[in-house]
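Please open the model in your viewer and display the whole chain. The tour below proceeds from the overall chain to individual selections.

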Amino acid sequence: MIEVLISVLFGCIARLGSCETRFIPSGSMFPGLQEGDRIFVDKSFYTASEPSQGEIVIFNSPYSFDPALRSKATPSRFQCALMNFPLINLVTGNAACDAYIKRVVAVAGDQVVVNPRGEVKVNGVDLDEPYVTNYCALDKRGMSLCRTLNATVPEGRVLVLGDNRSNSWDGRYWPGGPFLPEDQIIGRAVWRFWPFNRFGSLGS
């Protein structure tokens, strides 16, 4: 009960300013972010800067922008904002109004390769990702159930992946294309406020 009250309190205060609170609903960013964590999101961060490699971003659901997933019945941004308001979002929801959290691994102009393990190479250089511990398991042929990628990131887009490479529905799997439009980014994840024993900055 105290967890809900704290989240609602922080949520109401934060939404009056340039930040808001978010709840981590899955293990796609494990181990750095875990299911049930509560975080602050800085919504003004990208008004003065572009997304950078390594940053954790919150963005609109692929069901709201992916041409292969979006439908005519997709709610407006106002409707989604209402659905995501504290307390209201406890009783209603829509897949197109969900927010996702992933990490930026490549930006516009980068040539990016994601191998069967989920390891990333950007512009020919292996990406150092100490925050990734769960890679995709390989079979005897060096293949896995995870999808690979070899492409150049278009202008105005980024590639985002979950830190939990073996269990993350990210750009590798979106049917309309692997890249996230920058204008779909809500903000940068900056701080975890719950649980208290892991309270602190999320860094980059």
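Accessible areas are obtained by the Shrake-Rupley method with a 1.4 Å probe, and for residues only the protein chains shown count as cover. On that basis, the accessible surface of the chain is about 10600 Å², and carbon and sulfur atoms account for 57% of it. This is a predicted model, in which local features need pLDDT of at least 70, side-chain atom pairs count only at pLDDT 80 or more, and totals for chains, interfaces and linings use all residues. Residues are numbered from 1 along each chain as its sequence is written, and side-chain values use heavy atoms, with hydrogens and water left out.

Colour the chain by secondary structure: three helices and twelve strands appear. Helices (H or I, at least four residues) and strands (E, at least two) are DSSP runs, numbered from the N terminus. Of the 204 residues, 45% are buried, where buried means under 20% relative accessible area, exposed over 50%, and partly exposed in between (1.4 Å probe, protein chains only).

Next, select Phe30 and Pro31. The peptide bond between Phe30 and Pro31 is cis, with omega near 5 degrees, and Pro31 lies in the loop between β1 (19–23) and β2 (38–42).

Move then to Trp194 and Pro195, which are also joined by a cis peptide bond, with omega about 0 degrees. The loop between β11 (185–194) and β12 (200–201) holds Pro195.

Finally, select Asn123, in the loop between β6 (120–122) and β7 (125–126). Asn123 is not a glycine, yet has a positive phi of about 50 degrees. Asn123 is partly exposed, at a relative accessible area of 45%. Most residues other than glycine have a negative phi, and most peptide bonds are trans.
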